[in-house]
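Please open the structure in your viewer and keep the sequence panel beside it. The tour below tells you what to select at each stop and what you will find there.

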Amino acid sequence: MTSASTAPLLEVKNLCKYFPIQKGFFKKTIGNVRAVDDVSFFVEEGETLGLVGESGCGKTTTSRCVVRALAPSSGQMLFRTGEGQVVDLATLDRDALRPLRPEMQMIFQDPYSSLNPRMNLFEIVGEPMLVNGLGNRKQRTDQVAELLQLVGLRPEYMQRFPHAFSGGQRQRIGIARALSVRPRLVVADEPVSALDVSVQAQILNLLLDLQQRLSLTYIFVAHNLGVVKHICDRVAVMYVGKLVEMANTGDLFHQPRHPYTAALMAAVPVADPRVESGNVELKGEVPSPANPPSGCYFHPRCAYAADVCRSELPAFREITPSHFVACHRSEEITLPGISLT
Amino acid sequence: MVGVNSGKIGAPLLSVRDLKTYFLMDEGVVKAVDGVSFDVHAGQTFGIVGESGCGKSVTVKSVLRIVEVPGKIVHGRILLRRPRRDGASGEEELDLATLDARSEEIRSIRGGQIALIPQEPMTSFSPVHTIGNQIVEAIMLHQSIDKQAARSLAHDMLRDVGVPMPERRLDEYSWQLSGGLRQRAIIAMALCCHPRLLIADEPTTAVDVTTQAQVLRLLRELQRERNSAIIFITHDLGVIAQMARFVMVMYLGLVMEQGPVDDIFHAPKHPYTQALLRSIPSVSSEPRVSLPTISGSIPHPFNKPAGCPFHPRCIKRMPGRCDAATPALQAVGEKQRVSCFLYHDVEVSG
């Protein structure tokens, strides 16, 4: 283990997560669902990395591996702890992970099913502290009151139960719970997609505000590109368990280098009837990660596919400084982006 | 293919007048839809936008007469234009609000004249019957043809909506299909009896953007081919901007604003519409700056605020006015209508 204060907060190298497909009486493994397949990325302290892609592309599995809710099949996840040590989260066992758990917390998608209806706010928000043995009851009460205020709820609500709150307020409770143990890395898995439009903006503003005040680092999983562009410094695009592109948000939206990224952006309908959008369609379906196509996984749906795409898997390479892409033909093709105004 | 007569020009296919659907419960009355009027024309898409609890789903459920039990249409007319049934040429108007919700008449309209594309493609199909059987059942309920003919019709329908290998899909179950295919199968089922009005209740909320683009394009194409009318319900302002010609913005059972799509997006009059449009992060907006928000959250329908339901969250509210009375829908401009006291003054002084 090395100590390096300049290392990224989290560096994921060649992360794989396979789920075995078993068959028959003896549960013989006949194949693997490659949910996450050789994914490498890094997150600098204080920044927000967006993870986007269609459903089933492995973005949730990746984020669950990062917080070690799942054990990865192979690969490294180098995390710089609060003490400045760099540890590999992928290989640590339960006991070794426990002291690190407070440093990484998760915010969930559905504020209705992620809060226990039989626990009041004090119990919900205070539970991570209780589990991690931080503070006595008095200290926890003070801390919960402070947290509720931080996320814009009144401390008097502490004795109430989740059913008394609206979707947006519940998501605030989930955020307070995640922040209760003073994490450094927060993984937010689609935190606003279950919320009403008028409430989404409130939660996004809260997340941005908290990031500044508490110098948090976010991994932001989402499928709404508008939200991603608004909140992320850098964006990583996933397709069938693999990263296809990673770049600074501005570069990615201005000039995508992977046809899949461009197709995703073209599919988003813009809230302006004068701008024709959302009608460029991607043919076909996302292939199954249990049986991906040969070569580049995207080639059956790609308008630019050449022979090499059908036979060879493209490497994830740095095409211009800090712009990574996995496409054979990035240099030859120009893809439409969205201009930043 | 059955031809669609678009009636005489200007006559709406469906016109809803002052519809009120209340849920009469022990705890009190929830006014889910409280005085909604709109017209839907053949070949046009009419969009209803609103957040959860605004009554957009109850509005279309009222049209189909499938409001769940404590709910009741207490007032209003739902006039549907349809070909005359006595064999004579021309069309007749039928008030759906007066029909018995279980009558033969409304059953022939549901799925026949008006079809629904529901929100959840996963739960809308029965998991224990094949896709083919379910579509055949729908066809045979409305058309007097034998099973073989119905099956070949179902096959053609699946092919028309772009389901690959339709003959194989007919014998598959809904859980064997991907989200996009399932949504296409639902659309095939809705279209199999050539409805003149298609109600799409958040048809793309549960699918990915790329699948959404496919579904939206399919609906546009089908509409062009068949000249059918579509009522499109969504909370996604982007989708509504791209799909609808006329838009109605609802909040807590009331119409806040309605008008042509261009006016709603480029000259919104109601503070709610304005705030809603400002608060969405779009792919072309400034990143990492605080978004203008609408304060507070949508009240529970039991504690609906007095006066204009939006006034507690409105930045332009006028104390003593907005909390005292509910503003009526008022024409501003040629086709746009808004229910806000800000414009009542304009009317008086102008």
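Begin by selecting helix α1 of chain A, residues 59–66, in what is a predicted model. Of the 8 residues in this helix, 8 are buried, so α1(A) is largely enclosed by the rest of the structure. If you click along the helix, the buried residues you pass are A:Lys59, A:Thr60, A:Thr61, A:Thr62, A:Ser63, A:Arg64, A:Cys65 and A:Val66. Just after the helix, stop at A:Arg68, whose phi angle is positive, at about 55°.

**Strand β3 and its partners**

Next, select strand β3 of chain A, residues 48–52, where 5 of the 5 residues are buried, so this strand too is largely enclosed by the rest of the structure. Which residues point one way from the strand, and which the other way? A:Thr48, A:Gly50 and A:Val52 point to one side of β3(A), while A:Leu49 and A:Leu51 point to the other, and all of them are buried. This is an example of a general pattern, in which the side chains of a regular strand alternate between the two faces of the sheet.

Now add strand β8 of chain A, residues 217–222, to the selection, and you will see that β3(A) pairs with β8(A) in the parallel sense over 5 bridges. Within this pairing, A:Gly50 stands opposite A:Phe220 in β8(A). Strand β9 of chain A, residues 234–239, also pairs with β3(A) in the parallel sense, here over 4 bridges. To find your place in this second pairing, look for A:Leu49, which stands opposite A:Arg234 in β9(A).

**The hairpin of β1 and β2**

Move to residues 10–23 and 28–43 of chain A, which are strands β1 and β2, and notice that they pair in the antiparallel sense over 11 bridges. A useful landmark is A:Tyr18, which stands opposite A:Arg34 in β2(A). Between the two strands of this hairpin there are 4 residues, and A:Gly24 in the hairpin takes a positive phi near 80°.

**Helix α5**

Select residues 167–179 of chain A, which form helix α5. At 1.5 Å a residue, the 13 residues of α5(A) should span 18 Å, and its end C-alpha atoms lie 19 Å apart, which agrees with that expectation. Because 12 of its 13 residues are buried, α5(A) is largely enclosed by the rest of the structure. Among the buried residues are A:Gly167, A:Arg170, A:Ile173 and A:Leu179. If you colour the surroundings, you can follow how the buried residues of α5(A) pack against β6 (104–107), α3 (121–131), α4 (137–150), β7 (185–189) and α6 of chain A.

**Chain A as a whole**

Zoom out until all of chain A is in view, and count through its secondary structure, which comes to 10 helices and 12 strands. The C-alpha atoms fill a box of roughly 65 × 55 × 50 Å, taken along the principal axes. With 341 residues, a compact globule would have a radius of gyration near 20 Å, and chain A has 21 Å, which agrees. Of the 341 residues of chain A, 47% count as buried.

**Where chain A meets chain B**

Show both chains together, and select the contact between them, in which 43 residues of chain A meet 38 residues of chain B. On the chain A side, α5 (167–179), α6 (197–214), α7 (225–231), α8 (249–254) and α9 (259–266) each supply at least two residues. Which helix gives the largest share of this side? The largest share comes from α6(A), with 8 residues. Sorted by type, the residues on this side of chain A divide into 21 nonpolar, 15 polar and 7 charged.

**Chain B**

Finally, colour chain B by its domain assignment, which gives domain 1 (12–113 + 197–280) and domain 2 (124–194). The C-alpha centres of these two domains of chain B lie 25 Å apart, and their contact takes 12 residues from domain 1 and 13 residues from domain 2. On the domain 1 side, the largest share, 5 residues, comes from helix α8 of chain B, residues 209–226.

For a last stop, select B:Pro260, which lies in strand β10 of chain B, residues 254–260. Is this residue buried or exposed? B:Pro260 is partly exposed, because 18 other C-beta atoms lie within 10 Å. Leaving out residues up to four places away in sequence, B:Pro260 touches B:Arg245, B:Phe246 and B:Lys335.

How values were computed
Residues numbered from 1 in each chain as written. Chains lettered and ligands numbered in written order. Predicted model: local features only at pLDDT ≥ 70, side-chain atom pairs only at ≥ 80, totals over all residues. Contact = placed C-beta atoms within 7 Å. Nonpolar A, V, L, I, M, F, W, Y, C, P; charged D, E, K, R; others polar. Buried ≥ 20, exposed ≤ 12 C-beta atoms within 10 Å, placed from the backbone. Pairing = 2+ DSSP bridges. Rg over C-alpha atoms; globule rule 2.2 N^0.38 Å. Expected span 1.5 Å × (residues − 1). Domains from an automatic or database assignment.
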